[in-house]
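User: I am new to this structure and would like a close look at a single part of it, with enough of the surroundings to place that part. Could you take me through it slowly?

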Amino acid sequence: MRKFARPCIVAIGTAQFVLPYGCAYAQNQLTVEVAGMIEQACSISVGNAFGAVNLERSGSAQATANVDCNTGFEIDARSDAGGFAANFRTPNGFDASLPYAFDFALPLENGSTMRKNCTSSEMKSRACLMGSGGAASIGQTGRLLLSWNTLGTLLAPGNYSDTITLFIAARP
């Protein structure tokens, strides 16, 4: 009596395959190709806000921003008013705004720090763009520092304000 090799039935998931020449190679090896992808993600949010500041004398104020970027990125810092602007009509002889300096520092994943110094007028004219040089910053806290000098400025009593906006975009 002659013996024939039996076909082997291999089940992968819910599919069954009949292998005509036996199962020796199928039992010892299975190659499955798998592929995946991680999307670029970049976000920024307020950590600690500046709060109210005293403009009667020169000073500074600090805030923080939470940055989470898994790729290189750019931040564009903008000022609406270009300085602390009076929220009222200033009397003759008084300045309507007080310029300030803006300093931003953020740790990067490559061990360096992204840092940028700008004036409030540069921020108003959209000239305060900073880049991470291709480095990521995952779950890091950046420091924002405002400083101003009242020397030579005559401010009338009242409220002064500005709105600073930081735009972030992935740039690998």
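What follows is one request about a strand and one connected answer. Where do Cys118 and Thr119 lie, which residue forms a salt bridge with Arg115, and with which residues is Thr119 in contact once its neighbours within four places in sequence are left aside?

Analyst: Before turning to the strand, please keep in mind that this is a predicted model, and that every value below is computed from it. The protein has 172 residues, of which 30% count as buried, and it contains 2 helices and 13 strands. Among contacts with a separation of 6 or more, 73% are made by residues 24 or more positions apart. The accessible surface comes to about 11400 Å², and carbon and sulfur atoms account for 51% of it.

The part you ask about is strand S9, which covers residues 113-119 and holds Cys118, Arg115 and Thr119. I will take these three residues in turn, beginning with the cysteine.

Cys118 forms a disulfide with Cys128, and the two sulfur atoms are 2.0 Å apart. The torsion about the S-S bond of this pair is about 85°, and the disulfide is therefore right-handed. Cys128 is placed in the loop between helix H2 (120-124) and strand S10 (129-131), while Cys118 lies in strand S9, so this disulfide ties together parts that are 10 residues apart in sequence. Cys118 and Cys128 are both buried.

The structure holds 2 disulfides, and the other one, which joins Cys42 to Cys69 with an S to S distance of 1.8 Å, gives a useful comparison. The link of Cys42 and Cys69 has 85° about the S-S bond and is likewise right-handed. Here the partners come from distant parts of the chain, with Cys42 in strand S3 (residues 42-48) and Cys69 in strand S4 (residues 59-69), 27 residues apart. Cys69 has a relative accessible area of 0% and is therefore buried, whereas Cys42, at 26%, counts as partly exposed.

Arg115 brings charge into the account of strand S9. Side chains of opposite charge can pair when their charged atoms come close. Arg115 forms a salt bridge with Asp103, and the closest N and O atoms of the two are 2.9 Å apart. Because Asp103 lies in strand S8 (residues 101-107) and Arg115 in strand S9, this pair ties together parts that are 12 residues apart in sequence. The two ends of the bridge are covered in unlike ways: Asp103 has a relative accessibility of 6% and counts as buried, while Arg115, at 52%, is over the 50% that separates exposed from partly exposed residues and so counts as exposed. The pairing also goes further, since Arg143 is linked with Asp103 and Arg115 in a network of salt bridges.

The structure's count of salt bridges comes to 4, and two pairs away from strand S9 can be set beside this network. Glu74 forms a salt bridge with Arg171, with 3.3 Å between the closest N and O atoms. That pair links distant parts of the chain, Glu74 being in strand S5 (residues 73-79) and Arg171 in the segment after strand S13 (164-170), 97 residues apart. Both partners are partly exposed, Glu74 at 28% relative accessibility and Arg171 at 44%. The side chains of Asp76 and Arg78 meet in another salt bridge, at 2.8 Å from N to O; of these two, Asp76 is buried at 13%, and Arg78 is partly exposed with a relative accessible area of 21%.

We can now return to strand S9 and its residue Thr119, whose relative accessibility of 34% makes it partly exposed. Leaving aside neighbours within four places in sequence, Thr119 is in contact with Tyr100 and Ala101. The side chain of Thr119 also makes a polar contact, at 3.1 Å, with the side chain of Ser121. As a further point of orientation, Gly82 is 37 residues from Thr119 along the chain, and the C-alpha atoms of these two residues are separated by 8.2 Å.

Taken together, strand S9 holds a buried cysteine that is joined to Cys128, an exposed arginine that is paired with Asp103, and a partly exposed threonine in contact with Tyr100 and Ala101.

Conventions
Residues numbered from 1 in each chain as written. Predicted model: local features only at pLDDT ≥ 70, side-chain atom pairs only at ≥ 80, totals over all residues. Heavy atoms only, no water. Disulfide = S-S within 2.5 Å. Helix = DSSP H or I, 4+ residues; strand = E, 2+ residues; numbered from the N terminus. Buried < 20%, exposed > 50% of the residue type's maximum accessible area, 1.4 Å probe, protein only. Contact = heavy atoms within 4.5 Å. Areas by Shrake-Rupley, 256 points an atom, 1.4 Å probe, with all protein chains shown as cover. Polar contact = N/O pair within 3.5 Å; in protein donor to acceptor, adjacent residues only side chain to side chain.
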